[in-house]
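Me: Could you take me through this structure feature by feature, giving the general idea before the particular case?

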Amino acid sequence: MQYSSPTKNGYFGKFGGKFVPEILIPALEELELAYEAILKDSSFQEEFLDLLREYVGRPTPLTLAERLTDHYGKAKIYLKREDLCHTGAHKINNTVGQVLLARRMGKKRIIAETGAGQHGVATATVCAKFGMECVVYMGAEDTERQKLNVDRMRLLGAEVRPVTSGSQTLKDATNEAIRDWVTNVDDTFYIIGSVVGPHPYPMMVRDFHRIIGDETRKQLMEKEGKLPDYVIACVGGGSNAMGIFYPFIDDDTVRLIGVEAAGYGVESGQTAATFAKGKPGVLHGSLSYLLQTTQGQIALAHSVSAGLDYPGVGPEHAHLHDIKRVQYVPVTDEEALRGVKLTSSMEGIIPALETAHAMAFLDTLMPTTSSGEIVVINCSGRGDKDMATISKFI
Amino acid sequence: MPSERIHTVFKNSKDKSVMAMFITAGYPEPVVTADLVLALEESGADIIELGMPFSDPLADGPTIQYSSEVAIEKGTDLDMIFSMVREIRQSSQIPIVLMGYINPILHYGVDEFFSKAAESGVDGFILPDVPVEETGLVEEHCTKYDMSLIHLVAPNTTDSRMKLIDSKSNGFVYCVSVTGVTGARDGDQVAQSVDKFIGRVKANITKNPVLVGFGIRTHTDAMRVSSGLSGFVVGSALIDTIRKNYPNSDWLDQVKLFVKTIKYGSQN
Ligand SMILES: Cc1ncc(COP(=O)(O)O)c(C=O)c1O
């Protein structure tokens with residue numbers, strides 16, 4: 001059976017929906033209509049693809065990781081090089097799409113939340129390019145551990161508003177962005193940075209990122225004449241993972257693996273491993289798996305990587321988890337830091353701490369593979385932004 | 001009949017404004033919530049909205065974020081809120097509406113939550129992150145126990161949606177005065193916003209009484225904004241008053257004075 005999600009009401013199986021204050025319903029309806037229109041509008045699709053090519057630098061290469069392949073001595077390892085996208089991560093595929101949509105809808109003011117700062121930078125970048133006002137909410141803790149990205153956003157002309165409520169990380173930045181949207185709903189477009197939030201965001205963000213998987217498929221067919229056996233991606237909200245997984249969902253032979261951040265360990269109480277420790281619940285507009293306390297309050301997540309430090313996950317991942325199409329595995333802070341070193345020293349690629357979680361899973365996966373097989377890892381971003389954190393460990 | 005208590009308030013109000021007061025359960029301390037509710041009633045509140053604190057109240061401004069944080073820190077949970085309601089019910093028949101986000105309810109178990117709420121003497125619910133699209137989760141339970149499900153309308157709600165919300169609500173409809181989060185605001189701003197869409201509210205919401213809320217701080221605000229509607233809701237301004245006076249020995253007197261002043265004006 002062909003995979004087709006979400007439903008008209010924004011449900012992926014039993015997950016998703018639109019759990020938002022009444023004030024946002026007209027905005028979501030307007031967005032749905034506008035999105036439906038651009039799906040059928042070839043001029044939009046052309047403009048989008050043109051920008052991805054001429055501004056973002058797509059297609060990104062699919063690089064054979066030769067030394068890593070030799071190191072494990074089993075399956076061949078390819079890296080999908082989203083780190084080579086303009087601004088250094090996959091995030092910009094989505095911000096290009098959403099900013100074009102915002103322009104068509106006549107919105108002048110853009111808001112965004114950011115964790116690692118990569119989505120904030122990608123949003124500030126497209127706003128600079130199109131001359132739009134841009135406000136980025138960022139947890140105060142994250143403004144420190146990702147200071148480089150704060151400076152980049154400011155240079156690009158965005159206003160960065162540090163958020164001091166709650167855990168001062170991505171979850172709280174998202175709350176604050178939603179409060180801004182509720183207040184300025186008439187003229188403001190909210191560019192959500194992952195496959196989370198109320199319908200139609202999870203679908204729309206996935207669609208803007210599916211080019212990652214579409215290119216991978218084509219490139220691998222050209223290089224190897226076959227589909228991959230494994231596709232691996234890190235999962236925070238899950239946008240880079242949905243982007244690379246989506247075009248392979250109907251290919252039963254392709255095993256899809258999402259790597260979530262275990263922080264100090266799944267049982268440590270300081271983790272961001274939503275599938276390992278979470279339960280279904282509602283946060284930021286959709287029903288999905290969530291880390292929560294025994295009272296149903298949202299638990300504080302922990303990960304060394306700001307981009308994975310989030311107690312929720314996109315609703316489509318929740319569905320893919322429940323139907324067992326994607327396997328979700330945890331990787332700790334420490335393992336991720338080893339992943340950074342390994343990838344840097346063996347391939348000359350310094351991965352983002354988020355990406356390093358996916359790289360680190362190779363230690364577990366590779367011994368179970370065989371030499372005729374192919375593993376593709378989504379190299380979602382580069383690690384320059386993380387040097388302050390990484391340098392404490394080298 | 002739980003929802004009957006709400007209907008009776010509106011029936012008996014004649015042409016007087018119904019005054020609903022919002023507090024966060026467990027703020028400033030769980031042990032004072034029942035007494036606080038009784039004091040609000042004594043000072044003229046007609047309906048109590050009891051907030052179920054949530055860690056991520058994304059439709060709320062700083063005041064209710066703060067009261068929610070304190071209440072959670074002090075251990076307030078749903079079972080505790082049910083005991084507070086039972087305690088209030090020993091001496092009062094004031095309508096009690098629980099207001100809160102859906103996640104703690106889902107976590108508690110929807111069946112269990114509604115049956116306990118009914119048992120404790122709760123009359124209705126306002127769930128700000130459950131628009132009419134998503135009420136499937138809760139509607140049948142409210143019907144089963146005859147409790148009110150109260151929806152919100154906002155300045156940007158279309159006419160046809162107002163009609164839909166009216167048909168899906170029972171007890172009253174909560175009219176959000178401004179596009180924004182909860183919090184005390186400038187009275188003129190609130191009045192101007194309401195002026196612009198009150199005509200549409202009256203034309204489209206015909207089955208239920210309408211209470212207007214968000215931003216009301218004074219008697220004058222309340223009278224201006226609710227004229228032509230059934231009444232008004234005060235939340236953040238009340239919590240600010242508690243915050244300013246608690247735990248001074250006269251804090252409850254100050255709260256009572258505030259409530260009376262909102263209801264009757266300062267000359268009383
Ligand atoms: C490089 C990189 N990879 C992954 C992520 C995680 O987000 P998602 O799970 O939406 O791909 C981030 C988020 O900031 C990121 O910067």
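**Reading sheets, contacts and backbone**

Reply: With helix 8 (residues 170-183) of chain A we have a helix that lies across strand 5 (109-114), strand 6, strand 7 and strand 8 of the same chain, and its direction runs at about 160 degrees to that of strand 5 of chain A. Please keep in mind throughout that the model is predicted.

Me: In what order do the strands of that open sheet in chain A stand, and is the pairing parallel or antiparallel?

Reply: Strands of a sheet pair through backbone hydrogen bonds, and the pairing can be either parallel or antiparallel. In chain A, 4 strands form an open sheet in the order 7-6-5-8, and the pairing is parallel. Its edge strands are strand 7 (159-163) and strand 8 (188-190) of chain A, each of which pairs on one side only, and the twist from one strand to the next averages 25 degrees. To look at one pairing in detail, take strand 6 (residues 133-139) of chain A, which runs parallel to strand 7 of chain A and is joined to it by 5 bridges; A:G139 stands opposite A:V163 in strand 7 of chain A.

Me: How many strands does the open sheet in chain B have, and which of them stand at the edges?

Reply: The open sheet of chain B has 9 strands in the order 5-4-3-2-1-9-8-7-6, with parallel pairing. Strand 5 (148-150) and strand 6 (152-153) of chain B stand at its edges, and because each has a single partner strand, one side of each is left without a neighbour in the sheet. Strand 6 of chain B is joined by 2 bridges to strand 7 (residues 173-176) of chain B, which runs parallel to it, and here B:L152 stands opposite B:Y174. A helix also packs on this sheet, namely helix 10 (residues 219-226) of chain B, which touches strand 8 (210-213) and strand 9 (231-234) of chain B and whose direction makes about 140 degrees with that of strand 9 of chain B.

Me: What area do chain A and chain B bury between them, and which three residues supply 25% of the part that chain A buries?

Reply: The size of an interface is often given as the accessible area lost when the parts come together. Between chain A and chain B about 2800 Å² is buried, 53% of it on carbon and sulfur atoms. On the side of chain A, the residues A:E22, A:R179 and A:Q297 supply 25% of the area that this chain buries against chain B, more than any other three residues. In terms of residues, the contact takes 35 from chain A and 35 from chain B.

Me: How many salt bridges and polar contacts are counted between chain A and chain B, and which elements of chain A contribute to that side?

Reply: Side chains of opposite charge can pair when their charged atoms come close. The count between chain A and chain B is 3 salt bridges, and in one salt bridge the side chains of A:E29 and B:R161 meet at 3.9 Å, N to O. Across the interface there are 17 residue pairs in polar contact, both residues being at pLDDT 80 or more. The elements that give two or more residues to the side of chain A touching chain B are helix 1 (25-39), helix 8, strand 11 (279-283) and strand 12 (286-290) of chain A, and helix 8 of chain A gives the largest share, 8 residues. By class, this side of chain A has 15 nonpolar, 12 polar and 8 charged residues.

Me: Which parts of chain A does the salt bridge of A:E82 and A:R58 tie together?

Reply: Over all chains, 48 salt bridges are found in the whole structure, and in the one formed by A:E82 with A:R58 the closest N and O atoms are 2.7 Å apart. A:E82 lies in the loop between strand 4 (76-81) and helix 4 (91-104) of chain A, whereas A:R58 lies in the loop between helix 2 (42-56) and strand 3 (62-64) of chain A, so the pair ties together parts that are 24 residues apart in sequence.

How values were computed
Residues are numbered from 1 along each chain as its sequence is written. Chains are lettered from A and ligands numbered from 1 in the order in which they are written. This is a predicted model: local features need pLDDT of at least 70, side-chain atom pairs count only at pLDDT 80 or more; totals for chains, interfaces and linings use all residues. Side-chain values use heavy atoms; hydrogens and water are left out. Two strands pair if DSSP finds at least two bridges between them. Axes are lines fitted to C-alpha atoms, for helices over the stretch in contact, and angles run from 0 to 180 degrees between N-to-C directions. Contact means heavy atoms within 4.5 Å. Buried area is the accessible area (1.4 Å probe) that two parts lose on being put together, summed over both. A salt bridge is a side-chain nitrogen of Lys or Arg within 4 Å of a carboxyl oxygen of Asp or Glu. A polar contact is a pair of N or O atoms within 3.5 Å; within protein, one must be able to donate a hydrogen and the other to accept it, and residues adjacent in sequence count only if both atoms are side-chain atoms. Ala, Val, Leu, Ile, Met, Phe, Trp, Tyr, Cys and Pro count as nonpolar, Asp, Glu, Lys and Arg as charged, and the others, Gly among them, as polar.
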